[in-house]
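Hi,

Here is the structure I promised to pass on. Have a look at it first, and then read my notes underneath.

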Amino acid sequence: MKVLKSNIIVLFISLIALGLTGCKDADPNFVHTDNFIHAMVCENTRENDAKSITGTIYEYDKHGSLLGDEFTAEDAEGGSGVVVFVVSAEDKNSFDLTQVYLRATLKFDAMVTPGLSGRKNILVDEENPEGMVIAITSGIGTVRKYRIMGIYE
């Protein structure tokens, strides 16, 4: 009985000590402010003719001005992005932009909302003039919106 009481006391003291010390701050090496899509690939869902296309990414600042190849996170802060997938007109019958799989390259602590799992419709037409809109949330909680657009040319 004495052993049981002493174990309970040790457990109680340990819980109090843990509560008083709190949580350790996140290591800054593992928390990123980056909420950019670094690359995005669109994959065809047709089994007989599987192919993939890499999207062209355009980044805009908070004023709607297109950013060049060399920009900083501060330049892009408050802005948005557009990812465009172009399929040639002759491939229209073999590459269905209303049923594609998407893969994106992000920093490891960034989150995509809504998620990219499953088939997606990115075709820009009268019924879907904006394509697909997603949000990328960085490790510190900043959000950047992207419009994903697929077009036949």
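**What I found**

Strands β4 and β8 (residues 143–152) run parallel and are joined by 8 bridges. One of the contacts to look for there is S80, whose bridge partner in β8 is K145. Before going further, bear in mind that this is a predicted model, not an experimental one.

**The overall layout**

The protein has 2 helices and 8 strands. Following the chain from start to end, you get α-β-β-β-α-β-β-β-β-β. Of its 153 residues, 31% are buried. The accessible surface is about 10300 Å², and carbon and sulfur atoms account for 55% of that. If you look at contacts between residues at least 6 apart in sequence, 62% of them join residues at least 24 apart.

**The sheet**

Back to the strands. The β4–β8 pair belongs to an open sheet of 5 strands, ordered β3-β4-β8-β7-β6, with mixed pairing. Which strands stand at the edges? They are β3 and β6: each has a single partner strand, so one side of each has no neighbour in the sheet. On average, neighbouring strands here are turned by 25° against each other, ignoring direction. As a reminder, strands in a sheet pair through backbone hydrogen bonds, and they can do so parallel or antiparallel.

At the β3 edge, β3 (residues 56–60) pairs with β4 in the antiparallel sense, over 5 bridges. Y58 has V82 in β4 as its bridge partner, if you want a residue pair to start from. At the other edge, β6 and β7 run antiparallel and are joined by 3 bridges. There, M111 stands opposite T137 in β7.

So what about β4 itself, mostly covered or mostly open? This strand (residues 80–87) is mostly covered, with 6 of its 8 residues buried. In the strand order, β4 sits between β3 and β8.

**Salt bridges**

The structure holds 4 salt bridges, and I'll go through three of them here.

The E43 and R103 side chains meet in a salt bridge, 2.8 Å from N to O. E43 is in strand β1 and R103 in strand β5 (residues 100–105), so this pair ties together parts that are 60 residues apart in sequence. Both ends count as partly exposed: E43 has a relative accessibility of 25%, and R103 has 47%.

Next is D91 with K51, where the closest N and O atoms are 3.5 Å apart. This one links two loops, since D91 lies in the loop between β4 and β5 and K51 in the loop between β1 and β2 (52–54), so parts that are 40 residues apart in sequence are tied together. D91 is partly exposed at 26% relative accessibility, and K51 is partly exposed at 31%.

Then there is E130 with R147, with the closest N and O atoms 3.4 Å apart. E130 lies in the loop between β6 (111–113) and β7 (132–137), while R147 is in strand β8, so the pair ties together parts that are 17 residues apart in sequence. Here too both residues are partly exposed, E130 at 42% relative accessibility and R147 at 32%.

**The aromatic pair**

How many aromatic pairs does a search of the whole structure find? It finds 1. The partners are F36 and F71, with ring centres 5.7 Å apart and planes at 70°, so the pair counts as edge-to-face. F36 lies in the loop between α1 (2–21) and β1 (39–44), and F71 in the loop between β3 and α2 (73–76), so the pair ties together parts that are 35 residues apart in sequence.

The two rings' residues fall into separate burial classes. F36 is buried, with a relative accessible area of 12%, because the cut-off for buried is under 20%. F71 has 28% relative accessibility and counts as partly exposed.

If you only open a few views, I'd pick the β4–β8 pairing with its 8 bridges, the E43–R103 salt bridge, and the F36–F71 ring pair.

Cheers

Methods:
Residues are numbered from 1 along each chain as its sequence is written. This is a predicted model: local features need pLDDT of at least 70, side-chain atom pairs count only at pLDDT 80 or more; totals for chains, interfaces and linings use all residues. Side-chain values use heavy atoms; hydrogens and water are left out. Buried means under 20% relative accessible area, exposed over 50%, partly exposed in between (1.4 Å probe, protein chains only). Helices (H or I, at least four residues) and strands (E, at least two) are DSSP runs, numbered from the N terminus. Two strands pair if DSSP finds at least two bridges between them. Rings of Phe, Tyr and Trp (its six-membered ring) pair if their centres lie within 6.5 Å; planes under 30 degrees apart count as stacked, over 60 as edge-to-face and the rest as tilted. Contact means heavy atoms within 4.5 Å. Accessible areas come from the Shrake-Rupley method with a 1.4 Å probe; for residues, only the protein chains shown count as cover. Axes are lines fitted to C-alpha atoms, for helices over the stretch in contact, and angles run from 0 to 180 degrees between N-to-C directions.
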